[in-house]
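Got a minute for a quick tour of this one? Here is the briefing, grouped by topic.

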Number of protein chains: 2
Amino acid sequence: MIDPRGQETLSGSAQSEIFQILRDGKPRTRSELATLTGLARSTVAARVDALLTAGLIQSVAHAASTGGRPSRQFAFDGTRHGVLGVDIGATHAHIGISDLRGELLVDTWESLPVADGPEAVLGWVIEAGTAMVKEHTSDTFLRAIGVGLPGPVEHATGRPVDPPIMPGWDRFDVPGCLTEAFGVPALVDNDVNVMAMGERNEHWPDVDDMLFVKVSTGIGAGLFTGGRVHRGAQGIAGDIGHVFVPGKEDVQCRCGSVGCLEAVAAGPAIAAHLREAGVDVDTPQDVIAAVLGGNIQAVREVREAGRLIGQVLTTAVSLTNPAVIVLGGPIAAAGDHLLAGAREVIYTRSTPLATGSLQIVKTRGGDKAAVAGACSMAIQHALSVDSVEALIRDVAL
Amino acid sequence: MIDPRGQETLSGSAQSEIFQILRDGKPRTRSELATLTGLARSTVAARVDALLTAGLIQSVAHAASTGGRPSRQFAFDGTRHGVLGVDIGATHAHIGISDLRGELLVDTWESLPVADGPEAVLGWVIEAGTAMVKEHTSDTFLRAIGVGLPGPVEHATGRPVDPPIMPGWDRFDVPGCLTEAFGVPALVDNDVNVMAMGERNEHWPDVDDMLFVKVSTGIGAGLFTGGRVHRGAQGIAGDIGHVFVPGKEDVQCRCGSVGCLEAVAAGPAIAAHLREAGVDVDTPQDVIAAVLGGNIQAVREVREAGRLIGQVLTTAVSLTNPAVIVLGGPIAAAGDHLLAGAREVIYTRSTPLATGSLQIVKTRGGDKAAVAGACSMAIQHALSVDSVEALIRDVAL
C-alpha cells in the first residue's frame, strides 16, 4: 500500500491508510483511527472530513464514551459511487453498473460481433453505457470502467496486442477511448483474467493460489499467485491455448502453428470431432445441447477434451501448486464431463503432494460472470490509494 | 507492508514505516521522515532513537539547514547485524555468515551425505555454525538463519515433506532445531528456491517475473511472480522434475512413476545415456568433464536434455510469461549446450508475444550461489517489519 521508494514527494501517504482501514466495513471513531495509524488527531479529523465530503465513508452511529458526549463512528460507504463493467465477447457485448460494494444495479446485452471493429463495438458501449449511467446514477457516481476483451491485452497500456479474432483492434487505445467518453479511468484486461477475478472475488476470496481456465471457442487461463492476477512480463500470462500437445502434430491451429491445445480441445474442435462421427453439430452451443441431451459421442468428446486440457494443466499444477482449479466457460459449465476428464489426468499424473488437497471444480459464475468480473476489476482500482486521493482532490476543488 | 485488517491491536504500524523508508540507504533528517510518513515529530524522534539503539540505523552526517544548527541525518546500517546461511545438498553441507547488506564474511564446507539424517547433518551445522558465529561476530550480531534443503519443504512450517533423497528427514522440525541452537528464527526452503533468490537478488533485482531452473541430480524450478518467490498452496510450486514427458512412457523414475522430466533429462539420465553409447561416465561430474572436454556424444546428450526441459518450459512460458529464464546447476553451467537445446524448443514452440523479449540465459552464480541465496532469504526476514519490531523490543528490555 505504501511504497517507501515511490513516495518521496507525497506527504499524505500515511493519511491514505485511514480509508484503507475503513474499507473492511467496521465502524471506528476518530480516536480509534488515530491509535491505529499513529497519525496526529488533527490529521485524522481533517482526513475523515475529506472522506465524508467525498462520499466514501459515512457517519454510522455514536460509540458509548467513558464520559462526556459519545464519539461519532465512521464506516465505508460503498453506495454513493460505482463502476461500469464491460464484457466484450466474440459475438456479443454486455455492460452493467455496480456500486463499490460490487452490487450489480443494472445491465444490458447486445448481439455484436467483435470483428465489426472498435468503432462499432465501443460506439455501442458508449451509447448504451452513457444512457444507463444517466438513467440509473447521479452525476458524480461513476469512478472507473472495467473492460474484458477476447484477446491478449498489454497490461501497461490496456491495448489489445495482435488479437487473433479481433480484426481492426490491434493496439487500439481502448482505455483512452472510454476515458474520453466517460471521464473516468478505464482498466482493460483479457476476458479470461476478468472472469477469473469475478470468480475468485465472489466464490474464493480467501484462496491465494488459484487457476481459472476458460474453455469456449478458445482456451485461456487466469493465474492467481498470492491473491493477485499474475500478468507476467508482457501481460499475457495464462495464454495456454497455444501450448503444443504432443501427438497432435497433424492438427492445424488457426494461429498458424500445429497441435495447439485449443485446436484439439476447445469448442470448435469438439464440434468438428462430432461432425466427423456423424453428429449434427455446428457451434459450441450445439455441442452443449448435445451433451445436455445425453448424446454419448458428445459426452465422450468433451471428456477427452478435458483429458487433453488436464495434460497441459499437470505442468501448471507442478509449477504453480494451486489450491483450486476452476474450469469455466460454457463447455465446462455443461455437465461434469470436461471436469471429469481433467480430474482423471491431473490426479493421476501430478505429484501426490500437489494434488493431495487440490480442488478441481467447475465455475459457479453464471451468464453475468464476465460483466461482474469487469466491475470487480474496476472497483479494485476505484478503491486504490491513488483513486481515493484523486476523488478527494476533485471534491475539494 | 501495512495490513489494515491485521493490525487492529498494534499501535506502531505506521512507525515501522520509518525504518522501511531508510532501508534504501539514503540519509534523511527527522524532519524529512516526519514529512514522508505524516507521523508526529515526537513519534519520529522516539523511533529514530530506538532504531539507533538497535543498531539498525546510524547517524551519518549533518544536513545544511536554512539557519540555526544543522540537522542530523540517519541512514540504514547493515553492518552491525547479520545472518547465517546454510546450504544442504545431497552430499555436502555449506554454511556462511553475511551481514545485512548481503556481504559474505566467512564460509565453510563439509562433505556430508544428507542421507546420514538430520541429527548428523544439523549437528555439524550447529557445531560449525556456533564456532563460526563466536569467532567472527559479536553476541548480538545474528538475527536469522536461512536454510536450503534438497527436497520439498512445507512453507508454513519449514519442515521437509516426503523428501525422496532425505531418509529420516520427513517432517523433521528443522527450524525448531536451529532456532533452539542459535536463538534466532530459522527460515527453511528447498534449495532451488534458495538458489533462485540468490540469483535474482544478485543479478536480476529489477525483474519481477522470472523462472529459475536447476538441473543437477534432479530438476526443479523457482518461480518469481511480481518480484516474490511463488510457493503455492502447499509450498511446492516449482517441482517440475516429475512432469510427465510424452513419448517417454518407457523410462522409470525413482519416484515410482514413468516418463518424469528428471528421469530423462537430469544428470544421472544423461550419464546413463552416455554409458549406453559407450562413453565412460559415472557421476554428473563426469558428464560435465566430458562436455567440457568436447566429447561429441556428451554435448549431444546435454543438448537433447535441454530440448526436453525446453518442452516442459514452453507450458511454463505460456502460463506465466516470464521476462527471464535462468538455467542453473552444474549441468547448465558447463558450456552453452543445455541452454542451446532449451532455447531451440522454447523459441520455436511458444507464442511470439511471449518470447519476443524473453531472455533465456545460464546462471551467473558460482559455487557459493546456494549459501548466498540462503543468506539473502534470511536477510529479507531480518529486515521485515516484525523482525525489526522484535529487535527494538529486545534492546529496550
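H10(A) passes H12(A) in a right-handed crossing. Keep in mind that this is a predicted model. The points below start with that helix pair, then turn to how the chains meet and how they are related.

**The helix pair in chain A**
- Helix H10 of chain A covers residues 296-320, and helix H12 of chain A covers residues 337-349.
- Their axes come within 6 Å and cross at roughly 40°.
- Where H10(A) meets H12(A), the contact residues split into 12 nonpolar, six polar and five charged.

**Where the chains touch**
- Chain B puts 59 residues into the contact, and chain A puts in 61.
- On the chain B side, the elements giving two or more residues are helix H1 (16-22), helix H2 (30-37), strand E12 (219-225), helix H10 (296-320) and helix H13 (352-355).
- H10(B) supplies the largest share of that side, with seven residues.
- By type, the chain B side that touches chain A has 26 nonpolar, 24 polar and nine charged residues.

**How the two copies are related**
- Chain B lands on chain A after a rotation of 180° with 0.1 Å of shift along the axis, at an RMSD of 0.1 Å.
- The two copies are therefore related as by a two-fold rotation axis.
- Which C-alpha of chain B is nearest the axis? That of Leu39(B), which sits 2.6 Å from the axis.
- Both copies use the same surface, as 100% of the contact residues of chain B recur in chain A.

Methods. Residues are numbered from 1 along each chain as its sequence is written. Chains are lettered from A and ligands numbered from 1 in the order in which they are written. This is a predicted model: local features need pLDDT of at least 70, side-chain atom pairs count only at pLDDT 80 or more; totals for chains, interfaces and linings use all residues. Two residues are in contact if their C-beta atoms, placed from the backbone, lie within 7 Å. Helices (H or I, at least four residues) and strands (E, at least two) are DSSP runs, numbered from the N terminus. Ala, Val, Leu, Ile, Met, Phe, Trp, Tyr, Cys and Pro count as nonpolar, Asp, Glu, Lys and Arg as charged, and the others, Gly among them, as polar. Axes are lines fitted to C-alpha atoms, for helices over the stretch in contact, and angles run from 0 to 180 degrees between N-to-C directions. A crossing is left-handed if the near helix is turned anticlockwise from the far one by less than a right angle, and right-handed if clockwise. Copies are superposed by least squares on the C-alpha atoms of residues with pLDDT of at least 70 in both.
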